[in-house]
Amino acid sequence: MIASRFKLVIFDCDGVLVDSEPIINRAHAEVLTACGYPITEEVLVERFCGMSDPEMLAIIEREWGRALPASYAERVGLMIEAGFRQSLAPIEGVAEALDSLTLPICVASSSSLEQIRKKLEITGLLGHFGEHLFSATMVARGKPAPDLFLYAAQNLMTAPDCCLVIEDSPAGIDAALAAGMTAIGFSGGSHCGPEHGVRLQRHGAALVMDDMLELATAMAKLT
């Protein structure tokens with residue numbers, strides 16, 4: 001029954017497959033604050049979750065009225081890489097959820113292709129997806145624009161209305177709906193506060209789950 005409606009499941013990466021958002025946001029918050037732009041991890045999640053780094057940093061520079069130091073990307077990158085080596089883990093239950101799916105799956109993330117592959121390798125999830133990895137660097141506009149999801153669907157020869165997107169960010173939900181796809185919101189990442197699921201619903205998620213093991217049940221509800 002599920003296969004009669006959905007032909008492809010598209011997963012975001014950060015906060016959906018891997019619990020990387022705290023590591024990433026901690027690094028950005030520390031370096032931004034050190035550069036003279038004080039900001040917390042919580043504010044970064046609330047304002048920029050789901051956006052690519054270039055889009056986020058462009059907004060910050062515009063608000064700050066000056067450019068970030070040339071060394072910014074390297075400093076943040078080193079902190080994130082160290083954090084990944086020390087503590088990056090898959091979202092609890094995600095491997096089992098992926099094993100339970102019989103539909104084609106792919107990843108569509110705001111991260112670079114190299115970063116997506118590295119995170120999936122570290123957490124042992126890369127084998128589930130093979131080369132079906134799509135990055136915002138492959139399209140003109142990142143989330144909340146629909147370009148990335150449409151690009152992934154086109155590459156896997158699937159009509160948008162047959163695609164189901166699993167997203168943890170309002171920007172990602174907006175992108176999925178703009179692409180004409182159905183979206184399930186995920187609020188089980190360690191960066192998600194108690195109101196996160198409500199935010200995803202407000203942005204148009206068909207339903208929200210906080211446990212990846214609920215995926216099959218959630219998909220059945222949408223059939």
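**A walk through the structure from helix H9**

Directly following helix H9, methionine 157 adopts a positive phi of about 50°. This residue belongs to a predicted model, and it offers a convenient point of entry. The positive phi occurs even though methionine 157 is not a glycine. Methionine 157 lies in the loop that runs between H9 and S4. Is methionine 157 buried or exposed? With a relative accessible area of 77%, methionine 157 is exposed, since exposed means over 50%.

From this loop the reader may step back into the helix itself. Helix H9 comprises residues 147–155, and its buried residues are Asp147, Leu148, Phe149, Ala152 and Ala153. In an α-helix there are 3.6 residues a turn, so residues three or four places apart point the same way. Which elements cover the buried residues of H9? Among them are strands S1 (8–11), S2 (105–109), S3 (133–135) and S4 (163–167), together with helix H10 (170–178).

On the other side of H9 in the sequence, a further backbone feature appears. Proline 144 is located in the loop between S3 and H9. The peptide bond leading from lysine 143 to proline 144 is cis, and its omega is near 15°.

The interior comes next. The largest nonpolar core contains 54 residues, and those with the most contacts inside it are Phe11, Leu17, Leu120, Phe129, Ile166, Ile184 and Leu215. Helix H2, formed by residues 21–34, contributes the most to this core, giving 6 residues. A second core, separate from the largest one, has 21 residues and includes Phe134, Ala136, Cys163 and Ala176. Phenylalanine 129 may serve as an example of packing: leaving aside residues up to four places away in sequence, it touches Phe11, Leu17, Leu98, Ile105, Cys106, Val107 and Leu120.

The view can now widen to the whole protein, which has 12 helices and 6 strands. Of its 223 residues, 52% are buried. Among contacts with a separation of 6 or more, 67% join residues 24 or more positions apart. Because a compact globule of 223 residues would have a radius of gyration near 17 Å, the protein's own value of 17 Å agrees with that expectation. The C-alpha trace spans about 55 × 35 × 35 Å along its principal axes.

Finally, there is the surface and the charge. The accessible surface amounts to about 10,100 Å², and carbon and sulfur atoms account for 52% of it. The protein carries 16 positive and 29 negative side chains, and the centres of these two sets are 4 Å apart.

Terms used: Residues numbered from 1 in each chain as written. Predicted model: local features only at pLDDT ≥ 70, side-chain atom pairs only at ≥ 80, totals over all residues. Heavy atoms only, no water. Core = buried A, V, L, I, M, F, W, Y, C linked by side-chain atoms within 4.5 Å. Buried < 20%, exposed > 50% of the residue type's maximum accessible area, 1.4 Å probe, protein only. Helix = DSSP H or I, 4+ residues; strand = E, 2+ residues; numbered from the N terminus. Contact = heavy atoms within 4.5 Å. Rg over C-alpha atoms; globule rule 2.2 N^0.38 Å. Areas by Shrake-Rupley, 256 points an atom, 1.4 Å probe, with all protein chains shown as cover. Lys, Arg positive; Asp, Glu negative; His and termini not counted. Charge placed at Lys NZ, Arg CZ, Asp CG, Glu CD.
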